[in-house]
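User: I am new to this structure and would like to learn how to read its features. Please take me through them step by step.

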Amino acid sequence: MTATEPSEPGFAVCLTHDVDRPYKTYQGLYYAAKSNPGYHLRTLLRRENPYWQFEEVMALERDLGVRSSFYFLNEPSLLETGSLSDWLEPKNWVEHLGRYDLDSESVAAAVRALDDGGWEVGIHGSFRSCDDFDRLRTEKRELEAVLGHEIVGGRQHHLKLGRNTWRYHRELGLKYDASPGSSSENGFQHGYQPFHPFDDDFVVFPLTLMEVSLPDPGSAFDEAWAECERLLDEAEANDAVMTVLWHPRYFNEDEFPGYRRLYRRIIERALDRGAWVGPLGDYYREFLAERDSGDDSDGRTTDSATTDGATAAGANHSLSR
């Protein structure tokens with residue numbers, strides 16, 4: 001190890017939260033049609049929103065002495081940008097009806113409180129931004145205006161990647177992306193380490209575990225925990241970087257019992273095992289930022305790597321430490 005290299009982290013558990021829907025809106029009607037209609041209809045009338053969980057997540061993590069990454073979504077309004085064909089697509093209306101404004105007083109205050117407290121704030125690229133450089137640039141600029149400084153990275157909404165998404169991220173000055181993964185399967189399908197798709201300082205952190213891929217801990221906690229512990233065992237055995245995604249709404253125990261307890265146990269067990277635990281941005285700065293760049297002097301890559309190709313090659317494109 002040279003004098004400029006950071007110390008070896010061993011295995012790591014990086015904690016992330018995608019802020020898709022901090023307000024419960026149309027979801028109340030949907031859930032009411034499935035079960036417990038009284039509760040779900042009442043939540044639509046409450047002044048206190050059940051999906052607003054920032055303070056609860058911060059309190060839990062502060063109690064454990066850790067921090068995490070929060071990725072904020074800036075979905076454009078169909079009323080401003082949608083064409084007639086866009087308006088006729090139901091999936092576009094789902095995104096539109098669930099959107100929130102970054103510069104609203106409450107959201108902006110939450111962003112700044114997280115940042116002030118040592119949590120990472122990053123970008124959650126909107127549904128179509130993976131193929132739209134200008135849209136990504138706008139979202140990054142608007143989030144940084146609220147935050148007051150530049151961001152390091154983020155994750156695309158719905159884990160949606162296009163052929164040039166990582167090139168766009170890199171050109172915009174982002175240092176990492178955390179999108180490759182699945183909402184239905186968990187594990188280290190993309191390898192045990194972050195990888196460099198362009199052989200420079202831009203890094204991709206594969207997603208290991210999203211909470212919805214697990215058995216429901218409200219009814220099968222032991223089964224859900226067994227899967228989490230299996231992943232921790234595999235991470236420790238391979239000095240892996242394990243990336244965990246827990247959407248903030250799942251900390252609402254009234255609607256998602258067991259998820260908060262399960263998240264806490266993951267962190268406690270990781271700390272007991274001596275893992276590095278924290279936000280992706282901190283991991284990048286502490287262990288990866290000093291890596292020598294392998295790109296040309298003009299900033300362009302020396303190969304023909306694309307997002308699709310880099311994703312497929314993730315397991316063989318790991319960091320050397």
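**Reading the model**

Analyst: Arg135 has a relative accessibility of 19% and therefore counts as buried, the cut-off being under 20%. The model is a predicted one. Arg135 belongs to helix 8.

User: Which residues is Arg135 in contact with, leaving aside its neighbours within four places in sequence?

Analyst: Those contacts are with Asn74, Pro76, Ser126 and Ser129.

User: How many helices and strands does the protein have?

Analyst: There are 13 helices and 9 strands. Of the 321 residues in the protein, 54% are buried. Sequence separation is another thing to read: among contacts between residues at least 6 apart in sequence, 77% join residues at least 24 apart.

User: How should I read a strand, and is strand 2 buried or exposed?

Analyst: Look at the count of buried residues, then at each face. Strand 2 covers residues 69–73, and 5 of its 5 residues are buried, so the rest of the structure largely encloses it. Ser69, Tyr71 and Leu73 are buried on one side, and Phe70 and Phe72 are buried on the other, which leaves both faces covered.

User: Which strands does strand 2 pair with?

Analyst: Strand 1 (residues 12–19) runs parallel to strand 2 and is joined to it by 4 bridges. One example is Thr16, whose bridge partner in strand 2 is Ser69. Strand 3 (residues 120–125) also runs parallel to strand 2, with 5 bridges joining the two. Here Leu73 has His124 of strand 3 as its bridge partner.

User: What can be said of strand 3 itself, and where does its pairing lead?

Analyst: In strand 3, 6 of the 6 residues are buried, so the strand is mostly covered. Strand 3 pairs with strand 4 (residues 153–156) in the parallel sense over 3 bridges. Within that pairing, Gly125 stands opposite Gln156 of strand 4.

User: Why can a helix have one side that differs from another?

Analyst: An α-helix has 3.6 residues a turn, so residues three or four places apart point the same way. Helix 7 (residues 105–116) is a case to try. Its buried residues are Val107, Ala108, Ala110, Val111 and Leu114. Viewed down the helix axis, these buried residues fall within an arc of 160°, so they line one face of helix 7. Glu105 and Asp116 are exposed and sit on the face turned away from the buried side.

User: What do the buried residues of helix 7 pack against?

Analyst: They pack against helix 3 (54–64), strand 2, strand 3 and helix 8 (133–147).

User: How do the spans of helix 7 and helix 10 read against what is expected?

Analyst: Compare the distance between the end C-alpha atoms with the span at 1.5 Å a residue. For the 12 residues of helix 7, the expected span is 16 Å and the ends are 16 Å apart, which agrees. Helix 10 (residues 217–237) spans only 25 Å, where a straight helix of 21 residues would span 30 Å. Helix 10 also bends by about 50° at Glu223.

User: Which residues of helix 10 are buried, and what covers them?

Analyst: The buried residues of helix 10 are Pro217, Ala220, Phe221, Ala224, Trp225, Cys228, Leu231, Leu232 and Ala235. Their cover includes strand 1, strand 7 (209–210), strand 8 (241–245) and helix 11 (259–272).

User: What should I know about the sign of phi?

Analyst: Most residues other than glycine have a negative phi. Asp199 has a positive phi, near 55°, and is not a glycine. Asp199 lies in the loop between strand 5 (176–177) and strand 6 (203–204), and at 29% relative accessibility it counts as partly exposed. Asp239 also has a positive phi, of about 45°, without being a glycine. The loop between helix 10 and strand 8 holds Asp239, which is partly exposed at 41% relative accessibility. A glycine example is Gly118, just after helix 7, with a positive phi of about 100°.

User: What is a disulfide, and how many are counted here?

Analyst: A disulfide is a covalent bond between the sulfur atoms of two cysteines. The count here is 0 disulfides, taking a pair of cysteine sulfur atoms within 2.5 Å as the rule. As for single cysteines, Cys14 is buried at 0% relative accessibility, and Cys130 is buried with a relative accessible area of 1%.

Methods
Residues are numbered from 1 along each chain as its sequence is written. This is a predicted model: local features need pLDDT of at least 70, side-chain atom pairs count only at pLDDT 80 or more; totals for chains, interfaces and linings use all residues. Side-chain values use heavy atoms; hydrogens and water are left out. Buried means under 20% relative accessible area, exposed over 50%, partly exposed in between (1.4 Å probe, protein chains only). Two strands pair if DSSP finds at least two bridges between them. The expected span of a helix is 1.5 Å times one less than its number of residues. The arc is that of the directions from the helix axis to the C-beta atoms. Contact means heavy atoms within 4.5 Å. The bend at a residue is the angle between axes fitted to the seven residues ending there and the seven starting there.
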